[in-house]
Amino acid sequence: MSLKRNLLLTGFVLLGSAGLAQAEMAATTATDIEVRSGPGAEFPTVGVATRGSEATLDGCVEGSRWCRVDVNGMRGWVYAQYLSVEQNGASVVVQDHRDDLGIPTITYEQTDPVQTGSVQRVQPSPNDQLLGPVDENGADVVAVTPPEEVRTYIDDNPVDTVRLNGDLVVGATVPQSVEVHRIPDYQYSYVEVNHQPVLVDPGTRRIVYVYR
C-alpha cells in the first residue's frame, strides 16, 4: 500500500451510550485545502489544512458538496471531494460515498461558531501581479448576467484564491500567468481573485463579471 494511501486512511470512532451507538466521524484531508467560514467559495478563508491532516466531520449540507469540520484547531467548511474516510478497510472520498457512509445532514446558519475573529481577507502586497487596466481605446467589454447554475458550479468546484493588485472590475485583464478554470457548457471561465469569484473571457482574459 502506498504512502499516499496510508496518509488518507481514517476511521470511525463508535461511542456507545445506553445501548445506542453514536458515531463520531474521523476524516483526513486528501490535499492541502482552504477551510472557509461558510459553505461556499465566497466565504472568507479561516486557514489552510495541509494534506493528511486529521479532522472531525460534523456533517454535510444537503444538496451541496460542503461539509463542516474541526481540523488543526480550526472550525469551518471544506469541500467534500477533498475529504477521505475509511470504509471496510479502504479509503474512500466523502463526496462519492455520502449515502453509504451515513454522513449527517446539517444546515448552515450565520450564527455558527466559526472562528471569524481569525479570518483575514487576502490583501495584495506591492509585489503581487497587477490586473490589467480597463482598455479605454479597445473594444468595449460587455458585462454578462450569468445564470444561477454557473454560480452553483463555482461554489461546488472551489479553487484557491490568487492575489492581484489593481481594480477588480469588468474589463480588467487577468495576467497570463494566472490559471483560469473552464465551466462546462459555458463560454466563460472563472478564477477567484482576492476571495472574489470572477468570470473571465478565456480568449481576451478580460473580466466579464464579478461576484460581489
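Which strands do the buried residues of α3 pack against? In this predicted model, the partners are β6 (66–71), β7, β14 (189–193) and β15 (196–200). The helix itself covers residues 148–156, and its buried residues are Val150, Arg151, Ile154, Asp155 and Asp156. Two of the names in that set, Val150 and Ile154, count as nonpolar, while Arg151, Asp155 and Asp156 count as charged.

Stepping back to the whole chain, the protein has 3 helices and 16 strands. Of its 212 residues, 46% are buried. As for the outside, about 11500 Å² is exposed, and carbon and sulfur atoms account for 46% of that area. The contacts also reach a long way along the sequence: if one takes contacts between residues at least 6 apart, 62% of them join residues at least 24 apart.

Next comes the largest pocket, with a volume of about 160 Å³. Its lining is made up of Thr31, Asp32, Ile33, Glu34, Arg36, Trp66, Val78, Tyr79, Tyr82, Pro158, Val159 and Asp160. Two elements, β3 (33–36) and β7 (74–79), each give two or more residues to this lining. Of the elements, β3 gives the most, with 3 residues. Sorted by chemical type, the lining holds 7 nonpolar residues, 4 charged ones and 1 polar one. And where does the pocket sit relative to the domains? Domain 1 (23–104) and domain 2 (146–208) both supply lining residues, so the pocket lies between them. Strand β7 turns up twice in this story: it helps to line the pocket, and the buried residues of α3 pack against it.

A few single residues are worth a look too, starting with Ser37. This serine is placed in the loop between β3 and β4 (45–49). Is Ser37 buried or exposed? Its relative accessible area is 8%, and anything under 20% counts as buried, so Ser37 is buried. Ser37 and Trp77 are 40 residues apart along the chain, yet their C-alpha atoms are separated by 6.2 Å.

Ser91 makes a similar case, this time within a strand. Ser91 belongs to β9, which runs over residues 90–93. With a relative accessible area of 15%, Ser91 is buried as well. Along the chain, 63 residues separate Ser91 from Thr28, but from C-alpha to C-alpha the separation is 9.5 Å.

The last pair of residues stands out for backbone angles. His195 is not a glycine, and still its phi is positive, at about 70 degrees. The loop between β14 and β15 is where His195 is found. That loop joins two of the strands that the buried residues of α3 pack against. How much of His195 is accessible, in relative terms? The value is 3%, so His195 is buried.

Arg205 likewise has a positive phi without being a glycine, and here the angle is near 60 degrees. Arg205 is in a loop too, the one between β15 and β16 (207–210). Its relative accessible area is 8%, which makes Arg205 a buried residue.

Key. Residues numbered from 1 in each chain as written. Predicted model: local features only at pLDDT ≥ 70, side-chain atom pairs only at ≥ 80, totals over all residues. Heavy atoms only, no water. 1 Å grid on protein atoms, 1.4 Å probe; cavity = no way out; pocket = protein on both sides within 12 Å on 5 of 7 lines; lining within 4 Å. Points joined across faces, edges and corners; volume = space filled by probe spheres on them. Helix = DSSP H or I, 4+ residues; strand = E, 2+ residues; numbered from the N terminus. Domains from an automatic or database assignment. Buried < 20%, exposed > 50% of the residue type's maximum accessible area, 1.4 Å probe, protein only. Contact = heavy atoms within 4.5 Å. Areas by Shrake-Rupley, 256 points an atom, 1.4 Å probe, with all protein chains shown as cover.
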